[in-house]
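Biologist: I'd like a close look at one part of this model, the place where the two chains meet. Could you walk me through it, with a bit of the surroundings on either side?

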Amino acid sequence: MTAVLETLAHAGSFAGWVPFFSLVIGLVVGILVGVLPGLGPLLGVIMAIPFTFHMDAVSGVALLLGIYQGGSYGGAITATLLGIPGTPMAAATLLDAHPMALKGFASEAVTLSTLGSSVGGFLGGIVLVLTAPVLAKIAIGFGPAETFSLALLGLTAIATLSQGSAVKGLLAGLIGLSLASVGNDPITGFTRFNFGTTYLEGGITFVALLFGLFAISEVLLQFEKPVRAWQAGARIGVAFSTFKTLWTKPIAYLRAALVGVIIGVIPGIGGVTSSFLSYKLAKDFSKHPENFGKGEVEGVIASETANSATTGGALIPMLAIGIPGDPIVAAMMGGLLIQGLTPGPALFFTNREFLGGIFAAFIVGAVLLLPIGLALIPLFVRIIKIPHSLLMATVLLLSIFGTYAVQRQVFDLWQLWLFGIVGYAMRKGGFPLAPLIIGFVLGPIFETNMRRATIIMGDDFFGFMIGRPIALGVMGMVVLSLLFPIAQNLFLRRKGRQADQPA
Amino acid sequence: MFTGSDPQKPVSSRKARDAEEVGSPVRLEKKEIIGGLACLGFGAWLLYQTFLLDVEVAKRVGGGVGADGYPFLLAVATIALAILLTLQAVFGRERQTPAEAPGIQGNEPPVFKRAVWCFLSVVIYTALLLPIGYLITTPILLVVLMRILGDRRWVVPLVNALLLTLGIFVAFRYGVNIVLPEGVLGNLSN
């Protein structure tokens, strides 16, 4: 508890016009990228990173947090009005919000989505504030073996638990680790893989990698197959009657928030799974499960609250241990590194002012999401009509000059195009991008701690590991995460064989 | 052409022939094999580059995995997984689900040529950006991109391009304090 209070004592670092307006702008931009087709909170965070270079740390991260929170909610607007989730996280929200809108209760559906997002974010923020400092206090005693094991767990979990082939996920992670080894070796300073050019002595430019893999590849894919134009004609207002669900259905909100936070903490799972899992639980516990899928209020509450609570949960391992759990948080971590701040337990002792400000920003952001979201919905409904070509052109220009802004050298732009092609090829080939970016971000931590651990252990591997039960436990979880896809595959095959058998 | 329903007709495609074999179905997923081989190529290239490292310059610090040992381990792991992926593609039964959720796109088929033209346009733009300058090259790029996406008008795209160019210029100049490349305009003012 002391650790929590010591961190919260510095919440005043958020008190100022610049951090506050950065957060507000972040929320507005976040909702916008969530609403607009083909964008989403990840692209929003990535495109905002260059704008944080000249901001103080709290304001810069407040901007990114606002985009994260706003973007996680924004997709619910199009899910409700058009029956198309603006972001994958809103897919579960659609199941009941859209039928509700079709029955003539569009205002109620949108207000409920906004309320659920705000409450979920707030509860997720409370858990973040209460647990991250405590976890950091435990993690500060971790040695190289523990830190390496946790980094390995973060990487294998996101490679094997996220959608698609686990082997492809692991390969993507290995490629990320390999790219991170370009430049100066973290232990000896020896320069590796720079191909004779001074441009690569500091390693691959993180912003070029991020923009290339996610933004440029997305632009190329959308040039290949543009998103369809969306039209929304409904008139939307604020339905204050839905606010009474806060005291008539408190368990629905709390259950969804708990699911969201727990899922958020585990790397590789994310808002999509948390919203569907929460939806399923709500249906299982409901007295009227037959109403789900037809405009059930608890369905909307369950999915949106869980989805937003996940954002708080996902920040816990990143801030407390330095392990990002999803690509959006990995991008934010990159933003922190650029500010000269290294996420991890040491931050809770060397930079409490920054963390206090961030915690305050997160909770204030969750609360502000409600009035901002509701007030701007009519505007967002109009913005959906922006020509798609203009949107893609904007993403492209922001990617180019966001990359150029880092070091003002054209070499970074060539890296941008190279990784754009790599990202495009990976997406066409069904390779996930998230493990690559997390491998790249974790690379220095991974290598440094692995090599230090091997130096300390010498020839006595077993003696070394037996004295480190936390590292052993985490390695056990790594093995489980590697076995999980095999077990899942066997289970699905067995299920398929049983279904094929004649009755 | 084999229809799968008449056992008398000859089989002309390997895929159909494989589907007919009982007990050992082999499904050739071209994309998966290419992906596996590409990763194998990357792993082999990484291994080769690791052997070229001259770590005598930086001796191993007290033992353990050295500056070359770490990328060596990564290369070996990559090669092993790439071989596994390729074998899965050749001998695997189930089709892999897409790693990323599909985009919110229409029903028209993808046009690869558009992506190629987009990429070529931005590469040329990058080459000309510094010598010619942002304010001249960017509106041209934007109009070209909008035409690639099928907008056949001139006035509206040009106006949008100019507004977007100016908007980005202002955002970076006053938001991030970055002066975008001036090119010939900078030379003229000098």
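Of the 190 residues of chain B, what percentage count as buried? And what does the interface of chain A and chain B look like in terms of salt bridges and polar contacts?

Modeller: A word on the ground rules before the picture. This is a predicted model, where local features need pLDDT of at least 70 and side-chain atom pairs count only at pLDDT 80 or more, while totals for chains, interfaces and linings use all residues. Residues are numbered from 1 along each chain as its sequence is written, chains are lettered from A and ligands numbered from 1 in the order in which they are written, and side-chain values use heavy atoms, leaving out hydrogens and water.

Your percentage is 37%: that's how much of chain B's 190 residues counts as buried (buried is under 20% relative accessible area, exposed over 50%, partly exposed in between, with a 1.4 Å probe and protein chains only). Chain B has 7 helices and 0 strands, and along the sequence it just reads α-α-α-α-α-α-α (DSSP runs numbered from the N terminus, with helices being H or I of at least four residues and strands E of at least two). Take the contacts in chain B with a separation of 6 or more, and 55% of them join residues 24 or more positions apart (a contact is heavy atoms within 4.5 Å). Two of its cysteines are buried: Cys39(B) at 7% relative accessible area, and Cys118(B) at 1%. Disulfides (cysteine sulfur pairs within 2.5 Å) don't come into it, as a search of the whole structure turns up 0 over all chains.

Now the interface itself. On chain A, 71 residues are in contact with 78 residues of chain B. Together the two chains bury about 6,600 Å², and 75% of that is on carbon and sulfur atoms (buried area is the accessible area, again with a 1.4 Å probe, that two parts lose on being put together, summed over both).

There is 1 salt bridge across the interface, and it joins the side chains of Lys168(A) and Glu32(B), at 3.0 Å from N to O (the rule asks for a side-chain nitrogen of Lys or Arg within 4 Å of a carboxyl oxygen of Asp or Glu). For polar contacts, the rule gives 6 residue pairs across the interface, both partners at pLDDT 80 or more (a pair of N or O atoms within 3.5 Å; within protein, one must be able to donate a hydrogen and the other to accept it, and residues adjacent in sequence count only if both atoms are side-chain atoms).

Which helices of chain A face chain B? At least two residues each come from α7 (166-180), α8 (206-224), α16 (388-407), α17, α18 (434-457) and α20 (469-500). The biggest giver is α16(A), with 12 residues. By type, the side of chain A that touches chain B splits into 43 nonpolar, 16 polar and 12 charged residues (nonpolar being Ala, Val, Leu, Ile, Met, Phe, Trp, Tyr, Cys and Pro; charged being Asp, Glu, Lys and Arg; the others, Gly among them, polar).

For a single residue to zoom in on, try Ile421(A), which sits in helix α17 (residues 410-428). Leaving aside residues up to four places away in sequence, Ile421(A) touches Leu220(A) and Phe119(B). At 34% relative accessible area, Ile421(A) is partly exposed.

Past that helix, in the loop between α17 and α18, comes Pro432(A). Pro432(A) is buried, at 6%, and its C-alpha is 9.2 Å from that of Gly173(A), although 259 residues separate the two in sequence.

Another loop of chain A, between β2 (191-192) and α8, holds Phe193(A). Phe193(A) isn't a glycine, yet has a positive phi of about 55°, and it is buried at 7%. Phe195(A), in the loop between β2 and α8 too, also has a positive phi of about 55° without being a glycine, but Phe195(A) is partly exposed at 49%.

Last stop: Thr156(A), in helix α6 (residues 144-161). Thr156(A) is buried at 6%. Its side chain makes a polar contact with the side chain of Ser481(A) at 3.2 Å, and a polar atom of that Thr156(A) side chain lies 3.3 Å from the backbone oxygen of Leu153(A).
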